[in-house]
Amino acid sequence: MRRDISWRPSLSFKKGKHLTVVVECSETYAYPPIMGRKKNEIMDAEELISAYAVCPSELLETPAGQEDVKALRSEGFGLITVDASGNAVEHLKPVPLIQVIGEGEFRTAARDLKGVTLTNVRHAFDQYQNNPPSGVMKVGEIVESLVHSAALVAKTQGIINASQASASVANVLKTMMELNYFSAIHQELSRARAFVGTYRNTAAHTPKTSKDEYVKYRDCRHGFLEGVHVVNSFRAAMTKVGLKIVSKSIM
């Protein structure tokens with residue numbers, strides 16, 4: 001781990017080419033306080049780092065221990081317990097801290113979504129928790145599906161022609177941005193087009209260095225949240241101009 005990080009954990013090691021895993025052991029806390037204090041420092045280190053807490057198994061039998069488990073899960077930390085015989089059990093797998101999007105932050109971003117759209121975005125979030133680039137691609141698929149749905153409705157209403165409606169997502173959005181019919185929502189269309197252009201193929205970009213890996217996961221976090229905002233703003237924009245679009249289930 002970088003020397004400019006003041007925390008010296010109980011153990012640290014490399015996993016693969018780019019990921020550093022740190023381990024903090026505690027006899028009294030399932031969530032060692034120093035992990036919370038040093039989280040922001042780790043996230044600012046420009047290095048891909050994940051962290052485990054290790055504690056005696058009996059700590060999880062207390063209400064305070066259960067609250068610690070919830071906090072560890074929400075903040076992306078892993079957890080291993082060890083019983084009196086020395087048997088270790090992994091309860092939580094850690095994720096690189098730079099990628100973490102907490103449940104509360106997700107709910108805030110998705111608070112205006114409902115029905116099938118919310119279900120789709122929730123599924124993308126669950127996928128993000130296990131594989132951030134894949135989760136970003138999934139929310140990108142949701143955006144694209146909404147654009148295709150809007151194009152179909154616009155064609156049905158005679159706003160665009162069949163050729164324009166069947167074009168790529170980027171070109172559908174470009175066409176809409178050039179029409180007076182959509183002038184009131186130009187900003188929302190531009191934001192959607194920028195998102196598709198920037199994040200659609202995130203998982204296909206293979207990082208060559210540790211810094212590249214860090215940047216990829218950092219950008220995944222921003223990309224996922226931006227995608228959720230685009231889903232919300234695009235749907236609201238279509239309603240504003242009188243186009244009722246239907247969300248399809250994307251799994």
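Among contacts between residues at least 6 apart in sequence, what percentage join residues at least 24 apart?

1. Contact range. The figure is 66% for this protein. The model is predicted, and every value below is computed from it.

2. Overall layout. The protein has 9 helices and 5 strands. Along the sequence the order is β-β-α-β-α-β-β-α-α-α-α-α-α-α. The pattern thus opens with two strands and ends in a run of helices. The C-alpha trace spans about 70 × 40 × 25 Å along its principal axes.

3. Burial and surface. The chain has 251 residues, and 47% of them count as buried. Accessible surface comes to about 12,800 Å². Carbon and sulfur atoms account for 50% of that surface.

4. Main core. The largest nonpolar core holds 46 residues. Phe 182, Phe 224, Phe 234 and Met 238 touch the most other members. Two or more residues each come from helix H3 (103-109), H4, H5, helix H7 (169-178), helix H8 (186-199) and helix H9 (210-240). H5 gives the most, with 10 residues.

5. Phe 182 in detail. Which residues does Phe 182 contact, once neighbours within four places in sequence are set aside? They are Ala 154, Ile 159, Met 176, Leu 189, Met 238, Val 241 and Leu 243. One of these partners, Met 238, is itself among the core members that touch the most others.

6. Second core. A separate core of 20 residues also exists. Its members include Trp 7, Ala 51, Val 95 and Leu 97.

7. Val 54. This residue sits in strand S3. Is Val 54 buried or exposed? Val 54 counts as buried because its relative accessibility is 14%, and the cut-off for buried is under 20%. Beyond its neighbours within four places in sequence, Val 54 contacts Val 23, Glu 24, Cys 25, Ser 26, Ile 80 and Val 82. Gln 66 lies 12 residues away along the chain, and the C-alpha atoms of Val 54 and Gln 66 are separated by 14 Å.

8. Largest pocket. What volume does the largest pocket hold? The space is about 390 Å³. The pocket is lined by 18 residues, and those closest to its centre are Lys 15, Lys 93, Pro 94, Val 95 and Pro 96. Val 95 thus appears here and in the second core. Both strands and helices contribute two or more lining residues: strand S1 (11-15), strand S2 (19-25), strand S3 (49-56), helix H4 (115-130) and helix H5 (132-156). By type, the lining divides into 10 nonpolar, 5 polar and 3 charged residues.

9. Enclosed space. Rolling a probe the size of a water molecule over the atoms shows where empty space is left. How many cavities of 30 Å³ or more does the structure hold? There is 1. The largest cavity has a volume of about 30 Å³. Asn 120, Ile 142, Ser 145, Leu 146, Ser 247, Lys 248 and Ile 250 line this cavity. H5 supplies the largest share of the lining, 3 residues. The lining residues divide into 3 nonpolar, 3 polar and 1 charged.

10. Recurring element. H5 deserves a look on screen. H5 gives the most residues to the largest core. H5 also gives two or more residues to the pocket lining and the largest share of the cavity lining.

Methods. Residues are numbered from 1 along each chain as its sequence is written. This is a predicted model: local features need pLDDT of at least 70, side-chain atom pairs count only at pLDDT 80 or more; totals for chains, interfaces and linings use all residues. Side-chain values use heavy atoms; hydrogens and water are left out. On a 1 Å grid over the protein atoms alone, a cavity is a set of points where a 1.4 Å probe fits but cannot get out, and a pocket is an open set with protein on both sides within 12 Å along at least five of seven lines; lining residues have an atom within 4 Å of a point. Grid points are joined across faces, edges and corners, and a volume is the space filled by probe spheres set on the points. Helices (H or I, at least four residues) and strands (E, at least two) are DSSP runs, numbered from the N terminus. Ala, Val, Leu, Ile, Met, Phe, Trp, Tyr, Cys and Pro count as nonpolar, Asp, Glu, Lys and Arg as charged, and the others, Gly among them, as polar. Buried means under 20% relative accessible area, exposed over 50%, partly exposed in between (1.4 Å probe, protein chains only). Contact means heavy atoms within 4.5 Å. Accessible areas come from the Shrake-Rupley method with a 1.4 Å probe; for residues, only the protein chains shown count as cover. A nonpolar core is a set of buried Ala, Val, Leu, Ile, Met, Phe, Trp, Tyr and Cys residues joined through side-chain atoms within 4.5 Å.
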